[in-house]
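Here is a short set of exercises to work through with the model open beside you. Each task is followed by a step-by-step solution.

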Amino acid sequence: MELLFLLLLLVVASTVFLLLHRHHYSYSYSYRRRREHGLLPLPPGSQGMPLVGETLRLISAYKTEDPEPFIDDRVRRHGRIFTSHVFGERTVFSADPDLNRAIVCGEGRSFECSYPSSIATLLGRHSLLVMKAGPHHKRMHSLTLTRFASLPLLRSRLLPDIDRLVRLTLGSWGDGQLLPLLDQAKKITFELTVKQLMSCDPGSWTEELRKEYLLLIDGFFSVPLPSFLSSRFTTYGRAIRARTKVAEALRGVIRKRRRDEKKDSSSSSSPSPSPSPSPSPSRSREDMLDELMDGFSEEEIVDFLLALLVAGYETTPTIMTLLVKFLTENPRALSIIKEEHDEIRARKTQESEPLQWSDYKAMAFTQCVINETLRVANIISGVFRRATTDVHFKGYTIPKGCKVFASFRAVHLDSENFKDARTFNPWRWQRDDENGIFTPFGGGPRLCPGYELARVEISVFLHHLVTRFSWDVAEKDKLVFFPTTRTLKGYPIIVRHRHQKVSEKVMR
Ligand code: HEM
Ligand SMILES: *[C@@H]1O[C@H](CO)[C@@H](O)[C@H](O)[C@H]1NC(C)=O
């Protein structure tokens with residue numbers, strides 16, 4: 001099956017090769033016609049080849065170490081708002097912070113989110129990411145915000161859980177052990193999310209779930225084929241089957257919770273037996289699942305939980321890993337980070353004393369490093385939307401129905417917006433006032449509800465990493481930007497215990 005797919009690619013590629021020397025389609029005709037009718041033109045650009053458009057150029061451009069080759073090149077030729085033709089459709093690209101803001105804030109009015117159907121199928125139609133903006137989306141979105149971004153909850157419940165689970169994983173690392181850091185970061189993040197959503201503590205159940213989960217995630221980055229090709233052996237086919245299994249496991253948790261609730265209400269005195277494999281019986285009553293139990297169908301809850309697991313799984317661990325990579329390559333920044341965290345540890349009398357909210361708030365330079373990592377690496381490089389009306393902006397028209405891509409990365413790496421924009425420099429955050437052009441978590445009605453949670457997770461992870469370990473890079477690793485921002489080898493490092501207790505060292 002994969003062979004068939006390769007053949008298909010070959011046919012496409014050779015067509016492209018044959019057409020390579022012919023003139024590009026351009027919009028000059030439609031400009032003239034539109035001008036004659038007194039309409040604003042489409043943003044300038046080229047459509048590339050028939051059918052494939054500029055898709056292959058986009059893909060090959062991003063297979064380099066250069067973060068923004070495709071957009072850079074077109075911004076130079078056409079300006080910050082331009083038109084291209086990728087993934088089968090005419091698409092207006094924006095590297096303009098004002099247009100980006102108009103796009104994310106216009107969600108539900110002049111724009112709507114738009115995912116390929118292959119992704120929507122994997123996520124499920126009731127997932128927050130796929131749901132069209134409207135009252136229902138708004139309700140689910142604010143529910144998620146209250147669970148994950150409310151300060152009282154972060155302080156009292158999420159931070160202690162994060163602190164405990166990060167310790168647990170780092171506590172299992174041996175002196176001199178070789179670890180692909182990304183794997184460990186993913187394990188931690190997955191366990192955290194499962195804990196936050198449905199109060200399950202890590203164990204064989206979560207590891208089993210995670211294995212299926214990895215297959216599901218792979219599906220997001222595979223090229224989906226027509227269903228008759230993708231049935232059994234392809235990555236996408238595997239992902240679909242993994243989705244069924246993950247959904248089943250989640251359904252099991254929901255049903256058990258329903259049973260427990262009934263038991264609780266019928267005989268509140270008898271302790272409910274907890275059959276394995278299942279979440280810990282000591283869960284608190286007030287997790288995300290409890291919140292969803294009344295008012296939503298089983299299918300809705302499954303889709304919702306599954307999407308939340310996806311949303312945090314690729315993003316946060318990648319930022320954790322890249323942050324460590326950038327710090328390793330910037331010893332001066334690393335030594336400030338170490339000082340900052342050693343000082344926090346030194347205030348604790350016992351090694352096992354948990355982090356408090358005030359400790360998190362004292363991690364000032366850490367926040368600069370997190371922002372700078374988000375700015376340079378841009379895990380979510382931007383968002384796709386579709387115009388639902390004709391949109392007029394800075395002398396152009398984006399016609400109704402047209403696809404748009406608001407590139408956050410292009411804005412974050414533009415020297416108009418950030419001095420020496422392509423250099424990792426966390427100190428800039430001690431001075432720069434970014435004036436709302438820095439949007440690693442998007443904005444408007446679809447603003448990432450995990451924006452604060454992710455920061456806390458990354459900070460706590462970094463805290464325990466630098467106070468308990470030193471590390472060496474085990475293998476040279478490379479940062480790439482396609483199909484996602486990541487390092488090729490998952491950043492393998494060798495960790496060593498820091499022998500002296502940090503608290504003693506600082507006190508001396
Ligand atoms: C560094 C980590 C993260 C980054 C950079 C990030 C970035 C983003 C961005 C840019 C969006 C907007 C997508 C759009 O407008 O279409 C988004 C949406 C979302 N994120 Fe995150 N995210 C991160 C972590 C998380 C975490 C930990 C969670 C888990 C709670 C999460 C849950 C979501 C959800 C549910 C949405 C969809 C919101 C909606 O469409 O209404 N994210 N994220
Ligand atoms: C980091 O970026 C956020 C915007 O996402 C901003 O509100 C915050 O002030 C920045 N932090 C620092 C330390 O500059």
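Two conventions help before we start: the expected span of a helix is 1.5 Å times one less than its number of residues, and helices (H or I, at least four residues) and strands (E, at least two) are DSSP runs, numbered from the N terminus. This is a predicted model, in which local features need pLDDT of at least 70 and side-chain atom pairs count only at pLDDT 80 or more, while totals for chains, interfaces and linings use all residues. Residues are numbered from 1 along each chain as its sequence is written, with chains lettered from A and ligands numbered from 1 in the order in which they are written.

**Exercise 1.** Compare the span of helix H18 with the expected one, then find which of its residues are buried and what covers them.

Step 1. Helix H18 covers residues 364-377, which makes 14 residues. From first C-alpha to last it reaches 20 Å, close to the expected 20 Å.

Step 2. Count a residue as buried if 20 or more other C-beta atoms, placed from the backbone, lie within 10 Å of its own. Ten of the 14 residues of H18 pass, so the helix is mostly covered. Among them are Thr366, Cys368, Val369, Ile370 and Glu372.

Step 3. Look for contacts, meaning C-beta atoms, placed from the backbone, within 7 Å. The cover over the buried residues of H18 includes H15, helix H16 (331-346), helix H19 (408-412) and H20.

Step 4. Just after H18 comes asparagine 378, with a positive phi near 45°.

**Exercise 2.** Describe the shells around ligand 1 and ligand 2.

Step 1. Take residues whose C-beta atom, placed from the backbone, lies within 6 Å of the ligand. Ligand 1 has 25 of them, the closest being Ala311, Gly312, Gly442, Cys448 and Gly450.

Step 2. Ask which helices contribute: H7 (135-148), H14 (298-313), H15 (315-329) and H20 (451-468) each give at least two residues to the shell of ligand 1.

Step 3. Sort by class: Ala, Val, Leu, Ile, Met, Phe, Trp, Tyr, Cys and Pro are nonpolar, Asp, Glu, Lys and Arg charged, and the others, Gly among them, polar. The shell of ligand 1 then has 17 nonpolar, seven polar and one charged residue.

Step 4. Around ligand 2 stand Gln367, Cys368, Asn371, Trp429 and Phe438: three nonpolar, two polar and no charged residues.

**Exercise 3.** Trace the sheet of five strands and the helices lying on it.

Step 1. Two strands pair if DSSP finds at least two bridges between them. The open sheet runs E3-E4-E10-E7-E5, with mixed pairing. Its edge strands are E3 (81-86) and E5 (111-113), each pairing on one side only.

Step 2. Angles run from 0 to 180 degrees between N-to-C directions of lines fitted to C-alpha atoms, for helices over the stretch in contact. Helix H4 (residues 69-78) packs on this sheet, touching E3, E4 and E10, at about 130° to E3.

Step 3. Helix H5 (residues 97-105) lies across E3, E4, E5, E7 (382-387) and E10, at about 120° to E10.

Step 4. Within the sheet, E4 (residues 89-94) and E10 (residues 403-407) are parallel over four bridges, and phenylalanine 93 stands opposite phenylalanine 405 in E10.

**Exercise 4.** Which order do the strands of the three-stranded sheet have?

Step 1. The order is E6-E14-E11, with antiparallel pairing in an open sheet.

Step 2. Four bridges join E6 (residues 177-180) to E14 (residues 492-497), with leucine 179 opposite isoleucine 493.

Step 3. Five bridges join E11 (residues 469-473) to E14, where phenylalanine 469 faces histidine 497.

Note on methods:
Two residues are in contact if their C-beta atoms, placed from the backbone, lie within 7 Å. A residue is buried if 20 or more other C-beta atoms lie within 10 Å of its own, exposed if 12 or fewer, and partly exposed in between; C-beta atoms are placed from the backbone.
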